[in-house]
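Trainee: Could you take one spot in this structure and look at it closely with me, then work outwards from there? I'd like one connected account, not a list.

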Amino acid sequence: MNPIVESVTFADGEPLLWVDEFPVLGERIFLNHAADSPLPARSAAALHAFADEACLMGAAAWPRWAGRMSAARREAARLLGAADDDVAFIHNTTHGLLCIANSLPWRPGDNIVTAANEFPANVHPWRNLAERGVALRVVPERPDHRFCVDDFTARLDARTRLVAVSLVQYSTGYRMPAEMLAALCRERGVWFCLDAIQGLGALPAAVGDLGCDFLAADGRKWLLGADGAGVLYVRPDCVPIMNRSMVGWIGRPRRDDYDDLAQPPLPNARRFEEGAPNVGGLPGRRWRR
């Protein structure tokens, strides 16, 4: 087999990709069409290893799996420049955004501002809030398919509670001016939420630099993982104002005490890990940049 692509290197000559890691490159060239990444060999190996352990050991392998999940959380937090407890594992980007949309203290007459042509995952969680009297306002693209912060400013008013945009637009690849939008939100006392699935793993995404209050991303794009496992960041001082509608039995301080149903939610983002986690999928991705 003569591979189409043998390797890709950084400018300093450090190898980035090999055909051994992405055997699919021997047959196809993948362009950035904003869908799923082909699964790397190491991610596939991690999934195979989990399946073998689940088959041969069953729940006896749980301590091993728990250790891997803890390591994955540390790496995810490092990628985001966040504390471990400020990062929750989610099923996908939509799940993370629903956690935010359904947990904040909305009031009838509030509004949310977003960008035109967002992927539906970053539209429906906010549109659903119309049932609670919350309006969704849309900022149009400029003719060059970019977005201007001034256009966002014009859409904000005294009842704007949140701005929700993608870090990178799925249809154009445009990297939003997130830092400038974050500054605008801070000035107006507005929450700022990022859908980061099209950028996390490829672009710097430290939440402190981006200035976001919330960030959600699945791991099946630039993080090179399988479907069903992603990451949610919640800024610590936002947690106390959030309700319990998306908190299940896992998001409790003593989750193994099944008889204590009066336990409060965890006081951090991990409250949103509502039930059984994707044990096999979480370690099978590249959390490092």
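Mentor: Glycine 58 is partly exposed, with a relative accessible area of 23%; on this scale buried means under 20%, exposed means over 50%, and partly exposed is in between, using a 1.4 Å probe and protein chains only. Before going on, keep in mind that this is a predicted model, where local features need pLDDT of at least 70 and side-chain atom pairs count only at pLDDT 80 or more, while totals for chains, interfaces and linings use all residues. Residues are numbered from 1 along each chain as its sequence is written, and side-chain values use heavy atoms, with hydrogens and water left out.

Glycine 58 sits in the loop between H1 and H2; helices (H or I, at least four residues) and strands (E, at least two) are DSSP runs numbered from the N terminus. It follows H1 and has a positive phi, near 60°. Once you set aside its neighbours within four places in sequence, glycine 58 is in contact with Glu53 and Trp65, where contact means heavy atoms within 4.5 Å.

Now for the helices on either side of that loop. H1 has 16 residues, which at 1.5 Å a residue should span 22 Å, and its end C-alpha atoms are indeed 22 Å apart; the expected span is 1.5 Å times one less than the number of residues. H2 (residues 62-80) passes the same kind of check: its 19 residues should span 27 Å, and 27 Å is the distance between its end C-alpha atoms.

Trp65, which we just met as a contact of glycine 58, is one of the buried residues of H2, along with Met69, Ala72, Arg73, Glu75, Ala76, Ala77, Leu79 and Leu80. What do the buried residues of H2 pack against? The answer is helix H1 (41-56), strand E3 (87-90), helix H7 (207-210), strand E8 (214-218) and strand E9 (230-234). H2 also has a glycine after it: glycine 81, again with a positive phi, near 65°.

Met69 and Arg73 lead us to some open space. The second largest pocket holds about 240 Å³, and of its 13 lining residues, Met69, Arg73, Arg255, Arg270 and Glu273 are the closest to its centre. A pocket here is an open set of points on a 1 Å grid over the protein atoms alone, with protein on both sides within 12 Å along at least five of seven lines, whereas a cavity is a set of points where a 1.4 Å probe fits but cannot get out; lining residues have an atom within 4 Å of a point. Grid points are joined across faces, edges and corners, and a volume is the space filled by probe spheres set on the points. The pocket lining splits into six nonpolar, two polar and five charged residues, with Ala, Val, Leu, Ile, Met, Phe, Trp, Tyr, Cys and Pro counted as nonpolar, Asp, Glu, Lys and Arg as charged, and the others, Gly among them, as polar.

Glu273 turns up again in the largest cavity, where it lies nearest the centre together with Phe89, His91, Pro277 and Asn278, out of 13 lining residues. That cavity holds about 90 Å³, and a search of the whole structure finds one cavity of 30 Å³ or more. Its lining has seven nonpolar, four polar and two charged residues.

Back to positive phi values, this time away from glycine. Most residues other than glycine have a negative phi. Two places go the other way: histidine 145, with phi near 70°, and leucine 224, with phi near 60°. Histidine 145 is in the loop between strand E5 (135-139) and H5 and is partly exposed, at 43% relative accessible area. Leucine 224 is in the loop between E8 and E9, and is buried at 15%. E8 and E9 are among the elements that the buried residues of H2 pack against, so you can trace a route on screen from glycine 58 through H2 and on to that loop.
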